[in-house]
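Me: I am new to this one. Can we go through it in short questions and answers?

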Amino acid sequence: MAVQTIPARIRWAVDFMDVQHNDHVLEIGCGTGAAADLICRRLEGKGKMFAIDRSEAGVDRTKQRCAEHVQAGKLTVRQIDLATLRVPVKRLTKVFAFDVNLFWVRDCKEEVALLHERVLPGGSVNLFYDTKRPEQVPEILSKASAALTEGGFRVYIVDSKQPPVIGIIGRR
């Protein structure tokens with residue numbers, strides 16, 4: 001099977017997160033599985049990843065693309081909504097999401113509370129967004145930052161011009 005290309009924006013975000021070999025990572029909205037594939041390649045030993053998506057198609061694509069990681073026991077993929085998630089891994093070191101609207105389009109107090117409960121002190125929630133629609137950026141930044149801050153995270157913003165990405169990073 002040919003290696004599928006990983007978009008520059010996903011590669012940048014995963015590089016920024018600095019995934020370590022023993023991290024426990026939750027991806028919210030795994031979509032095509034590109035990020036899950038990249039992250040799993042950096043996990044060794046005790047490192048694990050749990051990827052979720054509300055769409056059956058996203059789960060299927062991720063399972064197909066990342067079959068070797070699933071078989072190796074490194075990756076678990078589930079069709080589930082973050083609000084109803086019961087993470088089998090009690091303690092997460094990193095949470096990753098790319099272009100997940102939940103954090104800025106509606107109230108997400110319960111979801112952020114769940115993340116705060118599951119992320120270890122020193123861990124992080126990394127919310128990345130493509131900035132191809134610059135008019136949306138201020139609203140994304142203010143609402144996602146407020147959601148994480150109100151949920152008990154220390155928030156800072158990162159941005160990249162090339163590829164055009166912003167990140168709202170919440171530290172526990």
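Me: Is Asp130 buried or exposed?
Reply: A note before we start: this is a predicted model. Buried means under 20% relative accessible area. Asp130 has a relative accessibility of 16%, so Asp130 counts as buried.

Me: Which residue forms a salt bridge with Asp130?
Reply: Side chains of opposite charge can pair when their charged atoms come close. For Asp130, the closest N and O atoms of the pair are 3.5 Å apart. The partner is exposed, with a relative accessible area of 64%. That salt-bridge partner of Asp130 is Lys132.

Me: How many Å separate the closest N and O atoms of Asp107 and Lys109?
Reply: Exposed means over 50% relative accessible area. Asp107 is at 52%, so Asp107 counts as exposed. Lys109 is at 54%, so Lys109 is exposed too. The two form a salt bridge, and their closest N and O atoms are apart by 3.6 Å.

Me: Which side chain meets Lys161 in a salt bridge?
Reply: Lys161 counts as exposed, at 67% relative accessibility. Its partner is at 46%, so it counts as partly exposed. The N to O distance in this salt bridge is 3.5 Å. The side chain that meets Lys161 is that of Asp159.

Me: How many salt bridges are there by this rule?
Reply: The rule asks for a side-chain nitrogen of Lys or Arg within 4 Å of a carboxyl oxygen of Asp or Glu. Some residues are linked in a network of salt bridges: Asp37, Arg41, Arg65 and Glu68. By this rule the count is 13.

Me: Why is helix α2 largely enclosed by the rest of the structure?
Reply: Helix α2 covers residues 34-42. Its buried residues are Ala34, Ala35, Ala36, Asp37, Leu38, Ile39 and Cys40. Helix α2 is largely enclosed because its buried residues number seven of the nine.

Me: Where is Ser55 found?
Reply: Ser55 is partly exposed, with a relative accessible area of 30%. Strand β2 spans 48-53 and helix α3 spans 56-65. Ser55 is found in the loop between β2 and α3.

Me: Which residue has its backbone nitrogen 2.8 Å from a polar atom of the side chain of Ser55?
Reply: A polar contact needs a pair of N or O atoms within 3.5 Å. Here the distance is 2.8 Å, from a backbone nitrogen to the Ser55 side chain. That nitrogen belongs to Gly58.

Me: How many Å separate the C-alpha atoms of Ser55 and Gln20?
Reply: Along the chain, Ser55 and Gln20 are 35 residues apart. In space, their C-alpha atoms are separated by 28 Å.

Terms used:
Residues numbered from 1 in each chain as written. Predicted model: local features only at pLDDT ≥ 70, side-chain atom pairs only at ≥ 80, totals over all residues. Heavy atoms only, no water. Buried < 20%, exposed > 50% of the residue type's maximum accessible area, 1.4 Å probe, protein only. Helix = DSSP H or I, 4+ residues; strand = E, 2+ residues; numbered from the N terminus. Polar contact = N/O pair within 3.5 Å; in protein donor to acceptor, adjacent residues only side chain to side chain.
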